[in-house]
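I opened the notebook again today for a slow walk through one chain. Here are my entries, in the order I looked things up.

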Amino acid sequence: MEKDYLQDALQEFNKDKPNWYGWKTHKDNGDKIPNDQRMTYANIKIIKEGATMPSEADVNAKIQEIKDADTARANAKTSGKAKLKAGEALTDAEIAALFGG
């Protein structure tokens, strides 16, 4: 299953208001939004009072930040495995990627 970066990013905003967003089910003209098209930035709706809508640019930047962190973790895991096989010392990032923490 592919990671849902949009929802991961949205959870980083309005941290004082968990579950602050939902998804529109209908367009402004009343047409139903198909389920496979619903979970997009354009269809976010605020469902908790006091929550603020982050800009699309901020959400996209957060998505990229999360993807970069995932890539760094994957690279550290690969590098750490290679070092273990070769008997080399591991960095802290490699240890965390391999063993958590």
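**Entry 1: A9 and its neighbours**

I started with A9, which counts as buried at 0% relative accessibility. I was looking at a predicted model, and I kept that in mind for every entry here. A9 lies in helix α1. Which residues does A9 touch, leaving out those up to four places away in sequence? I found V59, K62, I63 and I66. I also checked the distance from A9 to N60: the C-alpha atoms are 8.0 Å apart in space, while the two residues are 51 apart in sequence.

**Entry 2: the loop after α1**

Next I followed the chain into the loop between α1 (5-10) and β1 (21-23), where N14 lies. I looked up the backbone of N14 and found phi near 50°, a positive value in a residue other than glycine. N19 is found in the loop between α1 and β1 as well. For N19, phi is near 55°, again a positive value in a residue that is not glycine.

Are these two asparagines buried or exposed? N14 has a relative accessible area of 14%, so I noted N14 as buried, the cut-off being under 20%. N19 has a relative accessible area of 62%, so N19 went down as exposed, the cut-off there being over 50%.

**Entry 3: the aromatic rings**

How many aromatic pairs does the ring rule give? My count came to two. The first one I opened was W20 with Y21: the ring centres are 5.1 Å apart and the planes stand at 65°, so this pair is edge-to-face. The other is Y21 with W23, with 5.6 Å from centre to centre and 80° between the planes, and this pair is edge-to-face too. Taken together, the ring pairs link W20, Y21 and W23 into a cluster.

I then looked up the accessibility of each member. W20 counts as buried, at 2% relative accessibility. Y21 is buried, with a relative accessible area of 11%. W23 counts as buried at 14%.

**Entry 4: Y5, K67 and D70**

I turned to Y5 and asked what lies over the face of its ring. It is K67, at 5.3 Å from the ring centre. Y5 came up again when I looked at D70, a residue of helix α3. Apart from residues up to four places away in sequence, D70 touches K3 and Y5. D70 is buried, and I wrote down a relative accessible area of 16%.

**Entry 5: α3 against α4**

Two packed helices are described by the angle between their axes and the distance between the axes. I looked up both values for helix α3 (residues 56-86) and helix α4 (residues 92-99): the angle is about 95°, and the axes are 8 Å apart. That makes α3 roughly perpendicular to α4.

Which residues make the contact? On the α3 side I listed R73, A76, K77, S79, G80, K81, K83 and L84. On the α4 side they meet A93, E94, A97, L98 and F99. Sorted by class, the contact of α3 with α4 has six nonpolar, two polar and five charged residues.

**Entry 6: two distances between the helices**

I finished with two residues, one from each of these helices. T78 has its place in helix α3. At 56% relative accessibility, T78 counts as exposed. From T78 to A97 I read 8.8 Å, C-alpha to C-alpha, with their positions 19 residues apart in sequence.

The other residue was D92, which lies in helix α4. D92 is exposed, with a relative accessible area of 65%. D92 and A76 are 16 residues apart in sequence, and their C-alpha atoms are 9.2 Å apart in space.

Conventions:
Residues are numbered from 1 along each chain as its sequence is written. This is a predicted model: local features need pLDDT of at least 70, side-chain atom pairs count only at pLDDT 80 or more; totals for chains, interfaces and linings use all residues. Side-chain values use heavy atoms; hydrogens and water are left out. Axes are lines fitted to C-alpha atoms, for helices over the stretch in contact, and angles run from 0 to 180 degrees between N-to-C directions. Helices (H or I, at least four residues) and strands (E, at least two) are DSSP runs, numbered from the N terminus. Angles under 35 degrees count as roughly parallel, over 145 as roughly antiparallel, 65 to 115 as roughly perpendicular and the rest as oblique. Contact means heavy atoms within 4.5 Å. Ala, Val, Leu, Ile, Met, Phe, Trp, Tyr, Cys and Pro count as nonpolar, Asp, Glu, Lys and Arg as charged, and the others, Gly among them, as polar. Buried means under 20% relative accessible area, exposed over 50%, partly exposed in between (1.4 Å probe, protein chains only). Rings of Phe, Tyr and Trp (its six-membered ring) pair if their centres lie within 6.5 Å; planes under 30 degrees apart count as stacked, over 60 as edge-to-face and the rest as tilted. A charge sits over a ring if NZ of Lys or CZ of Arg is within 6 Å of the ring centre and within 35 degrees of the ring normal.
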